[in-house]
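Open the model in your viewer and keep the selection tool at hand. The tour goes stop by stop.

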Amino acid sequence: MIFLTPVVRLSLVIALLTINILFAANLLGFLPDEDRLIVEQRKDIVEALALQCCAAVEQGEMKVIRDTLRAVVERNRAILSAAVRAGDGQIVALAGDHLAHFKPRPDGKSTPTSLHVPIFRDGKKWGTMEISFAPLWKERLKRGFRDSFAGLALFMGVGGFLCYFLVIKRTLRELDPSRVIPGRVQTAFDILQEGVVLFDVDEQIVMTNSSFAELFGKTPESMIGLKGSELGWVECQSPDEVGQLPWLRLLNEGEEQAEASLSLLDRNGSKFMVHAVGVSDPGGKKRGCLVTFDNITEVEEKNFQLNELVEKLRQANQEIMGKTRELEVLASCDPMTLCLNRRAFGQKLDGFFTSGKANGEKLSCLMLDIDFFKSVNDNYGHAAGDQVIKAVADVLKVSTRDTDLVARYGGEEFCVLLPGLDLKEAAMVGERIRKTIESKTIAGINVTISVGASTLNDSVNKPDELVNQADKALYAAKEGGRNRVTTWGEDLEVITDTDKAAKAERQGSEKQGESESDTDVASLQGRIQELEGLLAKRTLELQHFEMYDFKTGLPNRSLFEDRLRREIARSRRSNRLFAVLFINMETIKRLQETHGMKVAEELMHACGQRLNDTLRRDIDTVAAMDGTREESTISLLNPAEFGIILTDIKQVDHVTWVVKRLLGSFETPFEISDSEIYVSLYLGISIFPHDGTDVDHLYSSAINACTHARKFKGSERYLFASKSLNDKVASQLELENLLHDVIDNNELQLYYQPIVKAQTGHVAKFEALLRWNSPVLGMVSPDKFIPVMEQSGQIGAVGDWVMYNACRQLRGWLDKGLEVGSVAVNISVLQLDQTNLAQRIGEILEEFAIKPQMLEVELTENSFLDINDRTFSVMKQIWDMGVRLSMDDFGTGYSSLSYLNKIPLSTLKIDRSFVADINKDESADKLITSIISLAHGLGLEVVAEGVEETEQREFLTGLGCEFLQGYYFSRPVPESEVPDILSSGLVINA
């Protein structure tokens with residue numbers, strides 16, 4: 001578009017700048033003030049009038065004054081009213097609505113709309129000339145747009161834009177385009193969302209865009225010269241894997257590489273689709289390659305969500321289709337007879353009529369009416385009349401074909417459409433129906449019908465005409481004596497006319513109410529039972545698909561919640577306990593990602609079956625309200641989640657036995673698609689009524705417990721819900737919401753606790769400790785908010801803030817000449833998942849010109865439980881930089897001993913829980929002695945935390961512990977108090 005060209009944008013910017021200069025000139029007073037000119041003009045008018053009035057007052061000509069005021073108001077639209085007020089305050093001359101318009105200020109001074117000037121007589125003040133003017137904005141409006149400042153600004157803006165556009169466009173033509181090509185290329189690269197990199201023949205980066213550089217926390221300029229194989233790819237751990245990188249294969253083999261996949265070693269496991277093409281000079285010599293990196297991490301993460309959504313949509317579609325079929329039946333059928341209703345019959349008739357007309361097919365119609373039906377209702381009641389209508393409908397269904405349409409047309413009238421039959425054949429069908437009904441006794445009543453028949457011919461042009469002709473034939477049959485079949489034709493030929501005497505005999509039998517034979521009653525009852533059974537079967541099928549998963553056959557969430565409601569009501573009446581188990585199977589989700597939906601569904605069904613087989617039916621099943629027992633207690637809540645209800649629990653220990661039996665059953669692998677698959681599951685358990693008294697609370701409590709069981713990842717793999725656990729979840733959610741903006745709101749602070757030399761008590765270094773001063777909660781303990789930061793993914797940004805500000809403060813102390821020694825900063829193991837962590841630490845140290853030896857990174861011992869090859873590599877990079885590494889809280893974990901030989905450590909920190917038991921617990925004394933001896937044997941320094949007593953200090957010093965830390969020396973203090981501690985030489989006991 002033309003409005004996006006640089007010339008237009010630059011011209012527009014300069015034009016807007018010109019307008020701003022005009023506004024500035026106006027504000028500074030360099031342009032004439034329109035309002036001030038108007039006010040001055042009004043003052044001149046008032047003073048002139050006052051002089052005229054003075055002359056008239058001297059001569060005593062008051063009439064002249066009144067005429068003058070009236071003429072001034074009438075001829076000048078800006079003047080609203082005018083008056084002359086004598087010295088005693090009386091108005092002696094007036095023009096216009098002066099009292100409404102004249103509004104003087106309280107201090108008696110004139111305003112731009114209400115001006116007054118004194119009138120003198122014989123050298124003394126005689127009175128006052130008062131004139132009220134229209135508001136200034138009306139005066140400006142009257143002057144017009146051309147004479148206004150806005151008009152000037154618009155003219156300068158439009159005119160300036162056109163002039164600037166022509167000048168800039170001509171100027172750019174004179175410039176050398178070759179000088180801006182590199183910048184344009186870089187800009188074009190930066191616009192692209194996918195990463196773009198230009199490698200030379202040595203695999204070094206020549207040019208890259210911002211999207212690619214941001215993946216590594218760098219700028220495009222700082223990436224130049226780096227090798228692509230050294231950027232931290234998951235598939236780049238061996239020389240063979242390095243040779244398979246797409247750009248190296250292209251440079252070595254010369255073939256274009258399309259749709260290759262690479263994953264980045266970062267905490268998110270970012271995945272990219274890579275495309276590499278060669279770059280050659282005009283002579284055909286290879287000069288490098290151009291590689292694009294399209295981030296498909298979110299696409300793959302959403303694939304599973306999309307599959308889940310598709311499955312839910314499929315289930316919802318099945319439910320809708322089932323409901324639609326029900327609605328179609330309800331909408332198209334008469335509820336009493338289950339025949340078509342009149343509307344549905346009319347819709348289907350249109351299709352048959354159109355087809356018959358177009359193809360010359362036979363089509364006939366019957367209209368049937370129960371004779372003397374009103375007398376049936378009058379003599380036997382409406383209930384008997386309903387039985388007669390139902391019986392006639394049953395005869396019509398039995399006497400017609402499946403392709404025929406039978407409809408209750410209204411009241412006691414029926415309509416039958418007979419495709420493929422001519423008029424004679426239709427009359428024979430009507431006669432058969434008439435005889436069948438005549439031979440039956442319905443509810444002790446002899447019933448007859450009259451029938452009218454019509455057929456499709458050249459005279460019938462609309463579907464309604466076919467029905468109307470059959471209806472007219474029916475009318476002729478009823479007028480001709482009833483109980484007969486009449487066809488529509490020129491003479492209304494009567495096919496069958498029964499004997500009047502027989503008819504009278506039947507009517508007499510109706511009044512007498514003779515009973516039909518036992519055989520007819522049994523036949524009718526059998527037919528009714530058959531229809532009722534069919535209806536019940538269809539209803540059960542609909543209910544089944546509403547409550548059970550279509551593919552696996554397992555009960556779904558709707559049935560689970562329904563059973564849960566019934567069990568709540570039953571247990572509340574009987575004062576019994578029951579348990580809700582929520583089971584998560586992450587293996588199913590991973591299998592779907594790797595092998596597809598079909599294999600995952602097979603495993604899902606197998607897991608449900610094993611759960612069912614494991615639970616003993618006489619103990620673990622769900623009891624319904626009527627005392628019957630269900631086939632299965634297992635419900636499929638989501639594609640990888642199951643729910644179980646355990647009823648009639650006498651004690652909670654019983655639930656533990658059941659859970660352990662379930663966990664044990666999954667130690668055996670599943671045979672799925674010729675592969676053995678082990679399934680890991682986690683369970684959350686809630687107990688009624690302790691953990692909730694309704695469906696939502698029991699369900700959410702079980703989910704919360706399962707979530708914590710997954711995070712804990714202990715050997716038991718199950719967790720019971722409790723009020724404290726639910727309160728903890730709610731508290732963590734509140735903390736997570738409050739933590740979102742802590743950095744932007746400057747709510748975080750760093751406190752510093754000194755670490756002293758055991759032998760001398762001099763300060764050797766400091767440990768930086770994070771504090772959160774929330775405006776809502778006040779000071780929050782790190783033990784509460786740091787785990788929430790780790791779970792919510794905020795620990796990366798906060799950890800970077802801590803590292804940056806600790807180094808910034810260290811630089812400030814060094815600049816003041818303070819001998820700080822070094823600063824220890826705690827990091828989370830989650831930060832080790834950031835492959836650029838070592839690089840980021842290096843950048844911070846470089847920014848503040850701090851030697852790496854002056855920084856110490858602390859990791860808790862429990863963090864080493866989650867260390868893998870990738871995180872170990874990051875730690876090694878930090879160590880190689882010269883930054884010291886220490887293991888905090890040593891002795892509280894379970895796996896640190898196996899890492900002491902492998903991890904590059906410089907310091908062990910003994911946990912405060914052991915220091916507190918010094919001289920109180922002999923085992924603690926021996927353990928501390930062993931830890932210090934072990935550390936020294938490995939060449940590590942030792943720091944003892946939590947020193948609060950003289951005996952503890954002396955004991956640790958005697959064992960050769962190098963450093964001590966605790967309240968005995970100093971509490972953590974804000975940065976402003978650190979200089980005082982350092983200047984004292986020795987840390988004074990607080």
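One term before the first selection: buried means under 20% relative accessible area, exposed over 50%, and partly exposed in between, with a 1.4 Å probe and protein chains only. This is a predicted model, in which local features need pLDDT of at least 70, side-chain atom pairs count only at pLDDT 80 or more, and totals for chains, interfaces and linings use all residues. Residues are numbered from 1 along each chain as its sequence is written, and side-chain values use heavy atoms, with hydrogens and water left out.

**Whole chain**

Select everything. Of the 990 residues, 43% count as buried. The secondary structure comes to 34 helices and 34 strands. Helices (H or I, at least four residues) and strands (E, at least two) are DSSP runs, numbered from the N terminus. Contact, here and below, means heavy atoms within 4.5 Å. Among contacts with a separation of 6 or more, 64% are between residues 24 or more positions apart.

**Phenylalanine 372**

Select phenylalanine 372. Its loop runs between β10 (363–370) and α14 (373–380). Phi is positive, about 50°, although the residue is not a glycine. Is phenylalanine 372 buried or partly exposed? It counts as partly exposed, because its relative accessibility is 34%.

**The β5–β6 loop**

Go to glutamate 203, in the loop between β5 (195–200) and β6 (205–208). Here is another positive phi in a residue other than glycine, near 70°. Glutamate 203 has a relative accessible area of 5%, so it is buried.

Step to glutamine 204, in the loop between β5 and β6. Glutamine 204 is partly exposed, at 31% relative accessibility. Show what it touches, not counting residues up to four places away in sequence: Leu198, Phe199, Gly225, Leu226 and Lys227. Add methionine 223, 19 residues apart from glutamine 204 in sequence. The C-alpha to C-alpha distance of this pair is 9.4 Å.

**Glutamate 256**

Select glutamate 256, in the loop between α11 (246–253) and β7 (257–263). Leave aside its neighbours within four places in sequence. Glutamate 256 is then in contact with Leu250, His275, Ala276 and Val277. Cysteine 289 is 33 residues apart from glutamate 256 along the chain, with 9.5 Å between their C-alpha atoms.

**Arginine 9**

Move to helix α1 (residues 6–28) and pick arginine 9. Arginine 9 is partly exposed, with a relative accessible area of 47%. Draw a line from its C-alpha atom to that of phenylalanine 161: the separation is 9.8 Å, for two residues 152 apart along the chain.

**Aspartate 334**

Select aspartate 334, in the loop between α12 (297–332) and α13. What is its relative accessible area? The value is 11%, so aspartate 334 is buried. Its contacts, leaving aside neighbours within four places in sequence, are Cys339, Leu340, Asn341 and Arg408. Zoom in on arginine 408: a polar contact of 3.3 Å joins its side chain to that of aspartate 334. A polar contact is a pair of N or O atoms within 3.5 Å; within protein, one must be able to donate a hydrogen and the other to accept it, and residues adjacent in sequence count only if both atoms are side-chain atoms.

**α13 against α17**

Two packed helices are described by the angle between their axes and the distance between the axes. Select α13 (residues 342–359) and α17 (residues 463–479); their axes come within 9 Å and cross at roughly 110°. That makes α13 roughly perpendicular to α17, a label for angles of 65 to 115 degrees. Now show the side chains. Phe345, Leu349, Asp350 and Phe353 in α13 meet Pro463, Leu466 and Val467 in α17. By class, this contact has six nonpolar, no polar and one charged residues. Ala, Val, Leu, Ile, Met, Phe, Trp, Tyr, Cys and Pro count as nonpolar, Asp, Glu, Lys and Arg as charged, and the others, Gly among them, as polar.

**Proline 689**

Jump to proline 689, in the loop between β23 (682–688) and α25 (695–712). A cis peptide bond joins phenylalanine 688 to proline 689, with omega about 5°.

**α28 and what follows**

Finish at α28 (residues 795–815). Its 21 residues should span 30 Å at 1.5 Å a residue, and the end C-alpha atoms are 30 Å apart, which agrees. The expected span is 1.5 Å times one less than the number of residues. Glycine 817 follows α28, with a positive phi near 85°.

Last selection: leucine 818, in the loop between α28 and β28 (823–826). Leucine 818 touches Trp813, Pro979 and Leu982, not counting residues up to four places away in sequence. Proline 979 is 161 residues apart from leucine 818 in sequence, yet 7.2 Å apart in space, C-alpha to C-alpha.

Definitions and conventions: Axes are lines fitted to C-alpha atoms, for helices over the stretch in contact, and angles run from 0 to 180 degrees between N-to-C directions. Angles under 35 degrees count as roughly parallel, over 145 as roughly antiparallel, 65 to 115 as roughly perpendicular and the rest as oblique.
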